[in-house]
Each structure stands twice: as C-alpha cells, then as structure tokens.
Amino acid sequence: MPLNESFLQELKFKTDIEDVISGYVSLKKRGNTSVGLCPFHNEKTPSFTVYNDTQSFYCFGCGAGGDAVTFIKKIENLDYMDAVKALADRAGLQMPQDGGYDDSLAKKRRRILEINRETARFYYSYMMSEEGKTGLDYFLSRGLKMNTIKRFGLGFAPNEWDRLLKHLKDKGFSISDMVDANVVKVGRNNHHYDTFKNRVITPIIDVRGNVIAFGGRVLDDSKPKYINTSDTLVYKKTNELFALNLAKDSGKENLILCEGYMDVIAMHEAGFDNAVAGCGTALTSEQVRLISRYTKEVILAYDADEGGQKALNKAIRLFENTDVKVRIPVLQGGKDPDEIIRKLGKDRFKGILEGASNEIEFALIDAKNKYNLSTTQGKIDFLNDAIRVLVRTSPIEQDLYITRLSSELGVEKASIKSQLDTYKKRFNRRESNTKYKDIVNTSIRNNNRQSYDENISIRQIKAEERIIGLLLKNPDYVSALDELDENMLSSTFIKKVYKEIISRIRNGLDIDLINFSSVLTNDEIGRLSGIIARTPKEQDKDPTKEFKQCINTVREEFEKNKDNSKSITDDDAFRKLFDKK
C-alpha cells in the first residue's frame, strides 16, 4: 500500500528539492530554474535542471528526472521507502505508524544490514580470540597498528564451513536472509555453508556507516586469492568505493584512488586518509560520478604492473568527461603503494604523490619512453604521438607544451604548430562525425526506452505528452477529456500515467510529482519529469480548446494507424511469410 496522503503532503511542504539536490550537485541559478552537472552521467556542459515551481528535476542529457524522493533513490541507491524515510528524517518527520504502507522491501534491506553488522562483529571477535590469532598476526605483519585494524573493522573467518551460520542462527536470523546477504551460500542438496572460510576479512562500509559487503583474502597460495560479496539488495559493487566513508571526512582537497583494499588501509595507516579503492572490479562510470561528488581532484595511484597500467589508462578515459582534475604519480621502489610505503617509508611516498603529473604530462612521458630520441625517426614518432595528446588541450596548454617540445627536441616551434593544426582539422571532423552518430544512437535508445510502436507518428506522441502536461497543470479541466478514449493512447507508459492522474483528480487527491514516486519506476518518473519540463510555463488562455485539439490529433492518428493495419490481414501476412516465390 502507498503512504497516506496527509504524510506525503506534509513531507512535500517541508522538503525543498533545491536544498536536497544542492547537497550533491553544485547548482547555479538560471532564471526560475537551477542548473548543474548531472550526477547520473558524465558531462562537462550542464544539462541537469531543477525546477522549484514543480519541485522536480530533469536531465536533458540522460533523461533522469523526478522529485526529491526519486533523486534520493537514485543518488543513494535506496528503495522508495528508505528514500522517503531519509527525507522524513531530514525534515524532522516521523514515518506513519498506522500500517499505511508496505515496507517489506525496506525491512528486507534493514535485515540484511543487521546481518552484515553482526557478521563483521563476529569476524572481528574471532580474530581477537586465541583461535583467530593467525588473522591478527597477518595484519600486524603488514605493519598495521591496532587502531587501524579497529577503524576498518578487520576480521578473520574461521576454517570451518558453518561457524558463522550457526552464530547468526543463534542471533535469530533466518538462513534465507543470510543467503540474501550473501554471507551464506547454498550448495548441493540444499546444503548451506559460510561464504568466507579461513580468510582475512575486510568489511565494506558505505558513506552512511552501514556494513554492506565483505572482501576475503587467503593467507596461503590457494585459489581464488580474493573473493568478494556478490551484489545484494544493499550492495552493488559498481556503485561503491572502499573507505569513502572515511576519506570524505579527511579534510583533504583531493582523493587518492588505489587498486586494492590493502593499499588503501596501508595508506590510511601512514596518514594518507583520503585514499579509496574500487570494490573488487575495474573502475566504473558510476564510481567516477561518485568521486566527482566529493572532490575536484583525484590522484590515480594504480599498481606499476601491466594490469595496473591498463586500469590506469581506462580510469584516465573515464575522468575525461568530468570536471575532475587528474594527477598521476610515477610509482618507484615497489609495485604498489603498500609495498612502497613499507620499503621506503611514508615520507618518500608523500614525495611521489607531490610529484604527480597531470594526464597530459603523464601521456607525454609515457610516449617519450617508447622511442629513442637520439635518432631522427625517434623524434618524429614521438612528436606524432605528442600531437595526438595535445589536440584535446586548450590553446594556452598547446602553446606551452609546443614551446617545451621545441626546446627539448631541437625542432622549430612553427613546424610543430603547423603539424598540430593539420591534425586538429582531421580530428575535429572525426569528432563531429562521432558526435552526430552519438546523437542518432541516443535518439534510437530513447525511442526504444519509451516503447512507442514504430507506426506511431511524432505528431501523436507530442499530442499525448501535451495532454499529460496540460492535465497536471490544469486539473480543473479534467472534464474536457471526457471525449478521449484511453485505448487510443499509443504506449503502455502514457496509458498508465494518464489513468493514474485521472483517478487521483477524480478522487480529490494531489497530483504533485511526489505522489507518483511509489507507482512509477525510476525510468517512468524520469519520462514524466521530461514531459513536465517541456510543458510551457505560461498560463494557457483556453486549456479546453487545446485539450480538444490534442484529442482530435490523437483520434486522427489512431484512425489512420488502424486503417493502415487493416491493409494486410492476418491471412495475408501468413501467406506472405511462407510465400516461396
């Protein structure tokens, strides 16, 4: 059941969407709206718009949209009820206690979080016992002090198949909930066993302080070396960053992005408490967007081996579409930050970080190392690579780097500039073609997402969306739609929204966007927000007349489409399908 109307009404009055969103997105006023860089996709030009008059947001780049509840759902990866609760807590409201809503999914999430918290306690307590001393000795041997071990909640899983399962069962948790939390697995013959066995354990904690997952490492050479919690109701590895809960409060101006948990823990131990890492997976665009919410500069301290350098290059490409400044240190004296700190000390590692270059410098150094610059051909090949790097930079940066390259290589600055200008023309043409293809592909994807039949005209789609926009803006004119047969509407989405709006109006209920969050999916409410955003804000002189015009358009297009469909009967289609001529 949905939440009762009076509670939602009070929540709406006590929640300002701009205040909510400004905690995550830097917004700038633009007339009656506010704009910023979308937190749901990478962009450099703001297309994310907040509308105070409708208490909604919409991104013209990726189509994300909705109300404050939808925003919190998406940005914090929460279900509907937990998002409402977060906003209610923010507004100082108590959730209804009259059973007026179905919170089964929210209860399941809370149960999983309770299991995870108890599991983390169990692993830590076991490690601190005489039985689990092997795990503690491992962490101490890596140079960690007890305060760091406690701060990260590190632990050790017993070398038994059901020790955790029995413990959680004694605490009153069901085996099905343990399986949902992925701390217990189902084997053959429905046999249940602990996910982690004889491994040191690193809990993964989100920015709200919840234990959401675990990583486990063996102490010997057995395989697999690492295992991690699979995606659950409270955890999606592509959306999370290890130790962000600590790094966000470090007070540092940047974040240091590493590959592994131990790199991060070792760096925090050494005082670099702004270090974070991905969660058992390559860096994702979702994690990049998460980083951009907390900092404007990131240092990519990836491992020096081949795998680390491949991951580094991918990370650089992902950050290209953001306004986050990237710096890359050259790791020397060890294969990863943990090893360098243990071998050379934290002061040496601090110097390495301070000497980190930007992505342009790094790319030029990387290109230079490929060639023998004492030869003419080596210089030519290096300059060709350098030009490919510089083509994406600003005119000022190009001038500075060209001046330096000219001096270092003994090549006339004008020659390098001429070669860059020639390459830039070809590059811009390719970029223009690529952007055109992206626009076409985006349009195709959007059409597929909106699930309109290919025979439906743009004219009908616009008329239907206009009806929805007018109806939300002029609910008192609902009687003007008595002549509209909802079966003429072209898509399941439009029919669903239309019926919901009509029902609410006729039952005297509110039709603010917040009232639709419980009945529409994130994609659907995003599309509804797009319709609202495209609806003119000026007052219609005669809404009844415009309703009738839109109804006539829908009817005409429906009849036209029906006539076209009659031109080929089922029998005709059947014969055509199997006609061998």
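This passage describes the strands, one helix and the enclosed spaces of a predicted model.

The protein contains 24 helices and 17 strands. Of its 581 residues, 47% are buried. Among contacts between residues at least 6 apart in sequence, 64% join residues at least 24 apart.

Two open sheets are considered here. One has five strands in the order E1-E2-E3-E4-E5, and the pairing is antiparallel. Its edges are formed by strand E1 (28-30) and strand E5 (65-66), each of which pairs on one side only. Strand E4 (residues 56-59) and E5 run antiparallel and are joined by two bridges. Within this pair, Phe57 has Gly66 of E5 as its bridge partner.

The other open sheet has four strands, ordered E6-E9-E10-E11, again with antiparallel pairing. E6 and E11 are the edge strands, each pairing on one side only. E6 is held to E9 by two bridges in the antiparallel sense, and Gly155 has Ile201 in E9 as its bridge partner.

Strand E14 (residues 275-278) takes part in two further pairings. With strand E12 (residues 241-242), E14 runs antiparallel, and two bridges join them. With E13, E14 pairs in the parallel sense over three bridges. Ala277 of E14 stands opposite Phe242, and Ala277 also stands opposite Cys258. Ala275 and Ala277 point one way from E14, whereas Val276 and Gly278 point the other way. All four of these residues are buried, so burial is found on both sides of the strand, where buried means under 20% relative accessible area.

Helix H6 (133-141) has its buried residues arranged on one side. In H6, Gly135, Leu136, Tyr138 and Phe139 are buried. These residues lie on the same side of H6 because they cover an arc of only 155 degrees around the axis. An α-helix has 3.6 residues a turn, so residues three or four places apart point the same way. The buried residues of H6 pack against three helices and three strands, namely helix H5 (104-127), helix H7 (146-152), H11, strand E6 (155-156), E9 and E10. Among these partners, E6, E9 and E10 belong to the four-stranded open sheet. After H6 comes Gly143, which has a positive phi near 90 degrees.

H6 also contributes to the lining of the second largest pocket. This pocket holds about 830 Å³ of space. It is lined by 36 residues, and those closest to its centre are Tyr226, Glu259, Gly260, Tyr261 and Asp263. Two or more lining residues come from each of helix H6, strand E9 (200-205), strand E10 (211-217), strand E11 (226-228), strand E13 (255-258), helix H11 (261-269), helix H13 (306-319) and helix H14 (337-344). By class, the lining comprises 14 nonpolar, ten polar and twelve charged residues.

Enclosed space was examined separately. Rolling a probe the size of a water molecule over the atoms shows where empty space is left. Two cavities of 30 Å³ or more were found. The largest cavity has a volume of about 60 Å³. Its lining consists of Arg151, Phe152, Pro203, Ile204, Ile205, Phe242, Ala243, Asn245 and Leu246. H7, E9 and helix H10 (244-247) each give two or more residues to this lining, and E9 supplies the largest share, three residues. Phe242, one of the lining residues, is the residue that stands opposite Ala277 in E14. The lining of the largest cavity divides into seven nonpolar, one polar and one charged residues.

The second largest cavity contains about 40 Å³ of space. Glu76, Asn77, Arg109, Asp206, Arg208, Ile212, Val234 and Glu240 form its lining. By class, two of these residues are nonpolar, one is polar and five are charged. The charged residues of this lining are Glu76, Arg109, Asp206, Arg208 and Glu240, while the nonpolar residues are Ile212 and Val234.

Conventions: Residues are numbered from 1 along each chain as its sequence is written. This is a predicted model: local features need pLDDT of at least 70, side-chain atom pairs count only at pLDDT 80 or more; totals for chains, interfaces and linings use all residues. Side-chain values use heavy atoms; hydrogens and water are left out. On a 1 Å grid over the protein atoms alone, a cavity is a set of points where a 1.4 Å probe fits but cannot get out, and a pocket is an open set with protein on both sides within 12 Å along at least five of seven lines; lining residues have an atom within 4 Å of a point. Grid points are joined across faces, edges and corners, and a volume is the space filled by probe spheres set on the points. Buried means under 20% relative accessible area, exposed over 50%, partly exposed in between (1.4 Å probe, protein chains only). The arc is that of the directions from the helix axis to the C-beta atoms. Contact means heavy atoms within 4.5 Å. Two strands pair if DSSP finds at least two bridges between them.
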